[in-house]
Amino acid sequence: MDAAQEHSQHVRQPVVPVEDALPPLVIESEREVFHEHGGADFSVMESTAIVRETGEHLQFHVASVKNGRPGAVCIVEQPDEHGNSVFLIARHWRVATQQWAWEFPRGMAKEAETPIRTAIRELAEETGMHVSSSQVTILQHIHADTGVLRDDIAVARITVPRSYTEHVENSDWELASLRWVPATTVQRMIANGEITDGITLAAWSVYCAQAPLSSH
């Protein structure tokens, strides 16, 4: 599947049609003020802008990783012994919060990599599970924080047969406690404040909107 086909998977007619006005800001210039070479290739851009109505000059900073290439978050789904869907979650250690958190497997793209290929590679690297592109559907692209982050993240639904349970292993130093849980457990964990990662919460919201829980 090429990039154009992937793009067509998540472009739909709007539910609420809108005709946007001119942007309230006119961007005058943009320059890179920080770039981490290697690792996540984290970078910060400084933008100067003019408020269209008042002429006031403002300055903003936005961040991105991997030169803005789309990442992927993986909602891995398989049937349990009764034919009901269960989902793979894992404990991630995050430097930003210095805490463990329940999350869906996810990661950043490599150069010239499509979101589907990113999802396949990241799933293999983090869990030891190997899937084909036919098992991956890009449900939507999301932005983790439109106020300060420029990156977009593909929400990838990955369906695997029950036999894949035996292939799951902790193969990434950031991960621990990989678990298969039903949708009702995910919902209870969210309600109980046990899942707080914004990308995981957003991905689950996308999944539920496109594959209602009542159908599982």
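These are my notebook entries on a predicted model, written as I looked things up one by one.

**Entry 1: the largest core**

I began with the nonpolar residues, since nonpolar side chains tend to be buried together in soluble globular proteins. The largest nonpolar core here has 22 residues. I wanted to know which of them touch the most other members. They are Val73, Ile75, Phe104, Val155, Trp204 and Tyr207.

Next I asked which elements give two or more residues to this core. My list reads β4 (71-79), β5 (85-94), β8 (136-142), β9 (153-159), α3 (183-191) and α4 (198-210). With 6 residues, α4 gives the most to this core.

Apart from this core I found another one, of 18 residues. Leu123, Ile138, Ile158 and Val160 are among them.

**Entry 2: around phenylalanine 104**

I picked phenylalanine 104 for a visit and left aside its neighbours within four places in sequence. What is it in contact with? I noted Val73, Cys74, Ile75, Leu88, Ile89, His92, Thr200, Ala203 and Trp204.

**Entry 3: cysteines**

A disulfide is a covalent bond between the sulfur atoms of two cysteines. I looked for such pairs, and the count comes to 0 disulfides. I also checked whether two cysteines are buried or exposed. Cysteine 74 has 0% relative accessibility, so I count it as buried. Cysteine 208 has a relative accessible area of 19%, and because the cut-off for buried is under 20%, cysteine 208 is buried too.

**Entry 4: the two sides of α3**

Which residues of α3 are buried? I wrote down Ala183, Thr185, Val186 and Met189. Seen down the axis of α3, these buried residues fall within an arc of 160°, so they line one face of the helix. On the other side of α3, I found Arg188 and Ala191 exposed. A general reminder helped me here: an α-helix has 3.6 residues a turn, so residues three or four places apart point the same way.

I then looked at what follows α3 and came to glycine 193, whose phi is positive, near 75°.

**Entry 5: an open sheet**

I turned to an open sheet of 3 strands, in the order β1-β2-β3, with antiparallel pairing. Its edge strands are β1 (25-35) and β3 (57-64), each of which pairs on one side only. From one strand to the next, the twist averages 25°.

How many bridges join β2 to β3? I noted 8, with the two strands running antiparallel. For serine 47, I looked up the bridge partner in β3, and it is phenylalanine 60.

Serine 43 is also in strand β2, which covers residues 43-51. At 4% relative accessibility, serine 43 counts as buried. Leaving aside its neighbours within four places in sequence, I found serine 43 in contact with Glu32, Phe34, His35, Val62, Ala63 and Ser64.

**Entry 6: positive phi in the loops**

Last, I looked at two residues other than glycine with a positive phi. Asparagine 67 lies in the loop between β3 and β4, and its phi is near 55°. Alanine 112 has a phi near 60°. I found alanine 112 in the loop between β7 (106-107) and α2 (115-127). Is alanine 112 buried or exposed? Its relative accessible area is 80%, so I put alanine 112 down as exposed.

Terms used
Residues numbered from 1 in each chain as written. Predicted model: local features only at pLDDT ≥ 70, side-chain atom pairs only at ≥ 80, totals over all residues. Heavy atoms only, no water. Core = buried A, V, L, I, M, F, W, Y, C linked by side-chain atoms within 4.5 Å. Buried < 20%, exposed > 50% of the residue type's maximum accessible area, 1.4 Å probe, protein only. Helix = DSSP H or I, 4+ residues; strand = E, 2+ residues; numbered from the N terminus. Contact = heavy atoms within 4.5 Å. Disulfide = S-S within 2.5 Å. Arc of directions from axis to C-beta. Pairing = 2+ DSSP bridges. Axes fitted to C-alpha atoms, helices over the stretch in contact; angles between N-to-C directions.
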